[in-house]
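Please open the structure in your viewer and keep the selection tool at hand. The tour below goes from stop to stop, saying at each one what to select and what can be found there.

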Amino acid sequence: MTPLEDIRVILATDCGSTTTKAILIQKMGDEYRQTHRGEAPTTVEAPFEDVTLGVLNAVTELAELSGRKLLDDAGRIIRPARGEEGCDLYISTSSAGGGLQMMVAGVVRSMTAESAERAALGAGSIVMDVIALNDRRLTHQRIERIRQLRPDMILIAGEVDGARTDKVVKITETIAAADPKPRLGADYRLPVIYAGNRSRRDEVTRVLGGKTSLSIVDNLRPTLEEEVLLPARERIHDLFLEHVMQQAPGYARLMEWVDADIMPTPAAVGAILKRVADEARINAVGVDIGGATTDIFSVFGEDFNRTVSANLGMSYSISNVLAEAGLANVMRWMPIAIEERDLRNRIKNKMIRPTTIPQTAEELVFEQAVAREALRLAFIQHRSFATRLKGVQQQRTIADSFEQDAGIESLVKMMDLDLLVASGGVLSHAPRPEQTAMMLIDSFRPEGITRLAKDSIFMMPHLGVLSQVHARAATEVFEKDCLIVLGTCIAPRGTARPGRPALAYRLELPGGEERRETLRFGQMRRHPLQRGAEARVYLDPARDFDLGPGKGVPLEVTVQGGTVGLIFDCRGRPLSLPSEPAERVGALKTWIEEVGVYSPEAIPH
Amino acid sequence: MAHAYTPGLKVTENELLRRRRVLPIPGEVVVEEGAKVQPHQVVARTFLPGKVEIVNVANKMGVDQSDVPGAMLKKEGDRVAQGEVIAEAKSLFGLLSSRATATLAGTIESVSGVTGQVVLRGPPQPIEVDAYIEGQVLEVVPDQGVVVESSGTLIQGIFGIGGETTGEIAVVSSSPREVLNDDSLSADLRGRVVVGGSLVTGAALEKAIELGIRGVVAGGFDDQDLRRFLGHDLGVAITGHENLGVTLIVTEGFGRIDMAPRTFRLLKRHQGQRASINGATQIRAGVIRPEVIIPLQGTAPQSLDRPGEHGMDVGSTVRIIRNPWFGKLGRVASLPSEPARLDSGSRARVVSVWVEGLEEPVSVPRANVEIIEGRD
């Protein structure tokens, strides 16, 4: 590989389940910039069954668009770069063929099994099921389930080190009785990782050693107070490369081409978000809403969490959003009336023809209404998963108890969130940036002062894997080309009677212009403020409202602009919409008009 | 991307059809290469490993886990009957005894001195695979099954529920626009595959089940009715395992949508002939569409039913698959290369389509049309 300091041209691909995306990053003067992008259908499935064909097609398109010759006559990637030819570094991520699919097991669902789930999710896996002794299933039901699943790998945790019980061995016996088989390839043994009680390793080896390809790593819950996920995550990654990737069509060849290990796409997205949050010392949440699934990543201080809502998405899973959210919750975001029968049929038609796009404004409004619910539900799942370790005694104050959901404190505290990053078709490709901003605010409900941004062309996966080999290039491109800053949302926490004062502010815009206003409960206000521009704002919340320092405590901050600008949201937290239909539609239309979400022709007030 | 539009569903008069009929796990293939097969003829069979149950013998007998192997009356590999004593322990100088019994009939798979558990495995469950279509065995896949070849009419639907079945085709609607109501169905249709027009109502489907009709094929179906039939909202489109007593195949989509005239004509032409149908649908990676297959005897097939790779050209017949012209058929008028602004505000590549009954061609995103493939 070319020495880091000499790298001028970087080629990166992301092999998604439907599309393979290639980007070119070049050193322009002293900085790295993303310059071109190409894509082609992924070729993992029949009739092609070779992922490298899709990679070559995407790279060919990239070469045509950039005018740079990237492949030689034999179809090999030219390295190193010379003049107008080749690249110095080639890297790739992959979620093709369904990504990495795992089953995890532990003794107690909310303790060791949850830690195992966290390790698997953090490694970029889809968790197909979590087996635990208290999962309310009978043993034979668990066995049936394990048989049906055919995962790529199994992670087993259970018990703290030195525990003198037999529970983790019981779980192991259940898995052995099911005799699980791998998803891909019939001629190799299923990889199983044991990350449980050290003193049970011999028994676990006796039970599973002959039936599976067993590997043993440090206990991921050595004590109740500790969670050590890294050894398990690293072993998952190694096994992913050694076993799973080798079985997927064409991957053995792709692994020879790359200059750094292939990463599962979600692991790469998590890696870049974590790096950026760490470098800027901020708390960040990233979301990627796809056709089938919604991934959410959060970095709060030292805590990184990822969740995958496997059946919340905008095409294949759109019908499931309706099933889980309920019709009324989708309809509450609609400023126009649609009959239930019609709405149901529309959702199903999108499900069976997932590649269609909204042609009319009404269809767009409807799709974005569904997206709000998909995002809201996925975020609820994320917040309830990203918690402190359960089973550990903690001292709580009265203030803490207001933060808790069902008695368990989420690490994702909305008031502490600094940056919210959106990606995925419905968010990234919304015709107006105001639509992306409003979908984020309505579903994530940020509190206090939060910057909103979107991934311009979904290059976070590429940058995530790049961050492992060339951190500087990854960070530079992330800030300059990847993120499109939408602006800043200012939302006080609290509620009041409609029409009561909620927030007084004085805004000093660049150039000396000043705005003063008192916003009432239920009101929104938008001020354009260009990308890169800053404004000083003096905020004076009413007695029952809090922007971070406490109820009624004033605050003075500098805020950043973006393609949308500043959005003041005084609709309250928790956010509740008027229950009376006509009043609700009236309120929606007022907010839409104020923020400029849809054109007045599309949604007349 | 070059192919931004949906490739469309296959509707062809006479195709060479191949269906792979294999077991989920290795087993025995019971027909030979070249054999003529009927839809319900078994081509391969095997046994699924039996149900597993775990008996906590240590708990049941109140003994230490490590004492369980010594207390076993049966050893690993032994056959046991349900209720049979498998372990016994005596205490208090042999005055008291405790026993553990088998919870199912089968064999002892393992005995653990660590957990005190005994794993019992029940008798293997037989499973069989039939030929599904009338035809000839083209290839035997050793230990797995066969590839059956036939030639005939293939109609792919967009969505279905219920599994494989067969029956004679009975077209009951007079046109592709007509709604299939419950009053169109009568007792003489028992065992048939009934074809309607633009919509099958929930009441008609209910009556079809009552009358023992094997399958229903129609242009559309309402999601509200689907929900009622399944008893829940269908979240993800993976179907085929429903046990409703009828297989439903929807050719166009949800709501009332005229069946494509060609599809209707083809089905009508084969009135009275036996069809093999399957409602199984999967709309994620590895797409599976529901299908109607009508084997034709003695006619030379025109081609193999590989997925269509034809591009969209001026004059191609297309169906618009999203509002505002959802369900309409038309012909491609032009294919502008530059992206156009849509009413939604997005920019996308579009296709201009002559729609029946409209005076001007309409502009539609290319992603929102599908080519109606195949020849008449």
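What follows is a walk through a predicted model, starting with how confident the predictor was.

**Stop 1: confidence in chain A.** Colour chain A by pLDDT, the predictor's confidence in each residue on a scale from 0 to 100. The average for chain A is 90, and 95% of its residues score at least 70. Now select residues 396–407 of chain A, where pLDDT stays under 50 and where the model has 8 contacts beyond four places in sequence. Where pLDDT is low, the predicted coordinates should not be read in detail.

**Stop 2: an open sheet in chain A.** Select strands 3, 2, 1, 4 and 10 of chain A, which in that order make up an open sheet with mixed pairing. The edges are strand 3 (31–41) and strand 10 (263–264) of chain A, each of which pairs on one side only. Strands of a sheet pair through backbone hydrogen bonds, either parallel or antiparallel. For an antiparallel pair, look at strand 2 (residues 19–28) and strand 3 of chain A, which are joined over 10 bridges; here Ala22(A) stands opposite Gly38(A) of strand 3.

**Stop 3: strand 4 of chain A.** Stay with the sheet and select residues 89–94 of chain A, which form strand 4. On one side, strand 1 (residues 9–15) of chain A runs parallel to strand 4 and is joined to it by 6 bridges, with Ile10(A) opposite Leu89(A). Strand 4 also runs parallel to strand 10 of chain A, to which 2 bridges join it, and there Thr93(A) has Met263(A) as its bridge partner. Is strand 4 of chain A buried or exposed? Because 6 of its 6 residues are buried, strand 4 is largely enclosed by the rest of the structure. Both of its faces are covered, with Leu89(A), Ile91(A) and Thr93(A) buried on one side and Tyr90(A), Ser92(A) and Ser94(A) buried on the other.

**Stop 4: helix 2 of chain A.** Next select residues 112–122 of chain A, which form helix 2; since 11 of these 11 residues are buried, the helix is so placed that it is largely enclosed by the rest of the structure. Its buried residues include the charged-looking names you may want to click on, Glu114(A), Glu117(A) and Arg118(A). To see what covers helix 2, show, among others, strand 5 (100–106), strand 6 (125–132), helix 6 (230–247) and helix 8 (265–280) of chain A. Just after the helix, Gly124(A) takes a positive phi of about 90°.

**Stop 5: where the chains meet.** Show both chains: 46 residues of chain A are in contact with 44 residues of chain B. Several elements of chain A each supply at least two residues to this side, including strand 3, helix 3 (139–149), helix 4 (167–178) and helix 12 (361–385). The largest share, 7 residues, comes from helix 11 of chain A. On the side of chain A that touches chain B there are 17 nonpolar, 17 polar and 12 charged residues.

**Stop 6: chain B as a whole.** Finally, select chain B, which has 5 helices and 31 strands. Its C-alpha atoms fill a box of roughly 100 × 55 × 45 Å along the principal axes, and its radius of gyration is 28 Å, whereas a compact globule of 376 residues would have one near 21 Å. Colour domain 1 (52–121), domain 2 (158–289) and domain 3 (317–371) of chain B separately, following the domain assignment; the centres of domain 1 and domain 3 are 70 Å apart.

Terms used:
Residues are numbered from 1 along each chain as its sequence is written. Chains are lettered from A and ligands numbered from 1 in the order in which they are written. This is a predicted model: local features need pLDDT of at least 70, side-chain atom pairs count only at pLDDT 80 or more; totals for chains, interfaces and linings use all residues. Two residues are in contact if their C-beta atoms, placed from the backbone, lie within 7 Å. Two strands pair if DSSP finds at least two bridges between them. Helices (H or I, at least four residues) and strands (E, at least two) are DSSP runs, numbered from the N terminus. Domain bounds come from an automatic or database domain assignment. Ala, Val, Leu, Ile, Met, Phe, Trp, Tyr, Cys and Pro count as nonpolar, Asp, Glu, Lys and Arg as charged, and the others, Gly among them, as polar. A residue is buried if 20 or more other C-beta atoms lie within 10 Å of its own, exposed if 12 or fewer, and partly exposed in between; C-beta atoms are placed from the backbone. The radius of gyration is taken over C-alpha atoms; the globule rule is 2.2 Å times the number of residues to the power 0.38.
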